[in-house]
Amino acid sequence: MSYPGELAHIYKYQCENAAYNPGRRWGKFKGGINMRLNRPNLAGGGLGKVVLVGYPNVGKSVVFNRLTGLYVLVSNYPGTTVEVARGRGKFKELVLEVIDTPGLYSLLPSTVEEKVARRLLLEEKADVVVHVADACNIERMLPLTLQLLEAGMPLVLLVNMIDEAKRRGLKIRCDLLSQRLQIPVIPAIAISNWGLGKLRKKVAELVHTATA
Amino acid sequence: MSTQPPLELPYPKWLTARVAEIARYIQGRYSFSRRCIALLALAGDEDALQLLQQREHPTNWESIRAIVNETRRSCPQPVTYIMAASRQKAAAALLDGVLQTHRPQPETWLDVLGRLTMQPPAGIPILILVLYFALYRFVGVLGAGTLVDYIEGTIFQTYLNPWFTDLVCQLVPWPLIQDLLVHEYGIITLGLRYAIAIILPIVGCFFLAFSLIEDSGYLPRLALLTDRAFKFLGLSGRAIIPFTLGLGCTTVGTLVTRTLETARERVIATMLLALAIPCSAQLGLILSLLSGNRTALIIWAGFVLLVFVLVGSLLARILPGEGPLFYLEVPPLRIPQLENVLTKTITRMQWYFFEVVPLFVLASVVIWLGTHTGLFKSVAARSEFLAVCLGLPAEVGAVFLLGFFRRDYGAAGLYDLIAQGLLSTRQLTVAAVALTLFVPCLAQFAVMVKEHGFYTAFAMAAFTVLCAFSAGVCLNRVLILLGLV
């Protein structure tokens, strides 16, 4: 897959897991939760689902690793998350299934990978969809947010790499954006785990209200 | 499942009307809101249309299709364009007041350094510094020197090995089984000692250094810097990853060739890794062997580099297919995060331990079998003529045989020969070159089979042997002719 030139300065994370260790047999020394907690804990039986979507290169895989504690080798190096990674993560007292999707530019897909991502959204019946967006290019990310809202997705917007935006002189008032969109908008720096506690809390709340 | 009513976007009135019209005909249940499905259908999305055809009543489907076709015909611009424009407008309105711009923070020293690493005048000296400190000082001197001396020399040789040997000799009366477990080639005294005491510290140090460099964001810069050079070998800058990892352990490097994009690149990289990239264990031993003689060291390094470039460019010409296109997004240089670095290092070491250590044990078993069945002796006797062609003493044949099991076993064998004073400097140089180029070790071969299938892997290994041998013969002749060493 090639990237349009406009994305040239955006982060790109790669899941080397495919290259490294397909069965993730030895890769989960932090991820005990993925082995231990196998029980369904939602009313309908089955695990609640959190789907991560967003443009390529916004740090979805980092967020995925942080949420699941699963070690999918993420490197500061270009490539594509070709595989769909699934893991379990703890959101306050809930254990939810977390799904990482290939990059998605729009709900109207043009590449195979985008189609995979959209089919996941269509078929997985997510309890919460987390749109991971790059703070530096928030104005290019928002149309996807709007599309996801239009589709009626239970959405949380995660404004990632807020530190990088700040360095470039951008300030984003997440509270105001949250008010306007009527969804939780959370600033984060996924790579240093900042803001993800709040994400976990919001996701847990959303799942509760959805199943209550 | 949705928690809030779907959002209304400011589309043109006629479009909203059409969407509402279509939505009225949609009866089925979908994961997306009806309005969204209607919009997708209007945009001509095949999946959405197919879904509607499958799930809606035929009469409804006909009406939907009629509206979609009619809209697409009458609309002067593509419908998708109008939708995208409306969403852009909505996004801009939403961000009004949300997005505030300040003066960008002044460039930090990290930004300046990050830029410098990509420009050859400063980038190449920086690369040399990084290689010197990370590879030579940290992995070579600290890992292969201090740590190995302590773990191997003190812990294993002084305490563990004698203790295990005594224990096994007391428990097992048969010398044959004793040999399998302890003594010269035993699983415990050789296989585990090698894995834990010699290779693990070296590879561990390497992985730590590599993770630090990786986490800092230096690798993409290095890839950009080296891209042009790699183009010549039919590779892209991306190949810097398997090659640098290969300097730690070529087996790991071979596995990581998966990150390269085309099959052609993967074959070239795997071949070069098998041929001309020494692993850290081998590198450490060869460096210490040749350290007494600077000319020999330079000849060795220059010749291996020459083979690397020659074979690479040859493969790039021979193998069919296009050279790779290279897109790279360069992240900012960051101070590495201790937690990330440790996680990566430990995960890689974990992987190494569980995937590679069994192969060491296997190598011990094979050597045990070979020694006791007399197979080794006969093969070594036959390979003696090879050694003679290279102008080397006959004993080197056995060294090469060992080199297949572990690249560094071979180098260690050379060490013994030098200690006995059997090699001249010319012979040592030739032997070191041939051994560096010689077949990949058993573990690497196993991974090559896994990645490329048995026949390709076998062909690569055969080519490696041929190439190592002929390169050795050439070098020997040239050295005799020039009388350099």
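This text walks through a predicted model, from a sheet in chain A to the nonpolar cores and the aromatic pairs.

Start with the sheet in chain A. It is open and has 6 strands, in the order β4-β5-β2-β6-β7-β9. The pairing is mixed. Two strands of chain A stand at the edges: β4, residues 85–91, and β9, residues 185–187. Each has a single partner strand, so one side of each is left without a neighbour in the sheet. Neighbouring strands are turned against each other by 25 degrees on average, direction ignored.

Now follow the pairs. In chain A, strand β2 covers residues 48–53 and strand β5 covers residues 94–100. These two run parallel and are joined by 5 bridges. One residue of β5(A), Asp100(A), is the bridge partner of Leu52(A). Next come β6(A) and β7(A), which pair in the parallel sense over 6 bridges. Here His131(A) has Leu157(A) in β7(A) as its bridge partner. Then β7(A) pairs with β9(A), again in the parallel sense, over 3 bridges. In β9(A), Pro187(A) stands opposite Val159(A).

Helices go with these strands. Helix α5 of chain A, residues 138–150, makes a right-handed β-α-β unit together with β6(A) and β7(A). Helix α3 of chain A, residues 60–68, lies across β2, β4, β5, β6 and β7 of that chain. It runs at about 50 degrees to β4(A).

Look more closely at β7(A). How many of its residues are buried? The count is 6 of 6, and the strand is mostly covered. In a regular strand the side chains alternate between the two faces of the sheet. In β7(A), Leu155(A), Leu157(A) and Val159(A) point one way. Val156(A), Leu158(A) and Asn160(A) point the other way. Both sets are buried.

Strand β5 of chain A holds Glu97(A). Is Glu97(A) buried or exposed? Its relative accessibility is 17%, so Glu97(A) counts as buried, because buried means under 20%. Leaving out residues up to four places away in sequence, Glu97(A) touches Leu47(A), Gly48(A), Lys49(A), Val50(A), Arg86(A), Gly87(A) and Arg88(A).

Turn to the nonpolar cores. In soluble globular proteins, nonpolar side chains tend to be buried together. The largest core here has 99 residues. Which of them touch the most other members? They are Leu121(A), Val130(A), Leu181(A), Leu199(A) and Phe32(B). Take Leu121(A), setting aside its neighbours within four places in sequence. In chain A, its contacts include Val51(A), Val53(A), Leu104(A), Leu107(A) and Val129(A). Ser31(B) and Phe32(B) are among its contacts too. Another core, of 94 residues, lies apart from the largest one. Its members include Ile198(B), Ile240(B), Leu289(B) and Leu414(B).

Last come the aromatic rings. Over all chains, a search of the whole structure finds 10 aromatic pairs. One joins Tyr132(B) and Phe133(B), with ring centres 5.2 Å apart. Their planes stand at 80 degrees, so this pair is edge-to-face. Tyr132(B) is partly exposed at 38% relative accessible area, and Phe133(B) is partly exposed at 49%. Trp163(B) and Phe164(B) also form an edge-to-face pair, 5.2 Å centre to centre with 75 degrees between the planes. Trp163(B) is exposed, at 52%, whereas Phe164(B) is partly exposed, at 24%. Finally, Phe445(B), Phe454(B), Tyr455(B) and Phe458(B) form one aromatic cluster.

How values were computed
Residues are numbered from 1 along each chain as its sequence is written. Chains are lettered from A and ligands numbered from 1 in the order in which they are written. This is a predicted model: local features need pLDDT of at least 70, side-chain atom pairs count only at pLDDT 80 or more; totals for chains, interfaces and linings use all residues. Side-chain values use heavy atoms; hydrogens and water are left out. Two strands pair if DSSP finds at least two bridges between them. Helices (H or I, at least four residues) and strands (E, at least two) are DSSP runs, numbered from the N terminus. Axes are lines fitted to C-alpha atoms, for helices over the stretch in contact, and angles run from 0 to 180 degrees between N-to-C directions. Contact means heavy atoms within 4.5 Å. Buried means under 20% relative accessible area, exposed over 50%, partly exposed in between (1.4 Å probe, protein chains only). A crossover is right-handed if, with the strands pointing away from the viewer, the path from the first strand over the helix to the second runs clockwise. A nonpolar core is a set of buried Ala, Val, Leu, Ile, Met, Phe, Trp, Tyr and Cys residues joined through side-chain atoms within 4.5 Å. Rings of Phe, Tyr and Trp (its six-membered ring) pair if their centres lie within 6.5 Å; planes under 30 degrees apart count as stacked, over 60 as edge-to-face and the rest as tilted.
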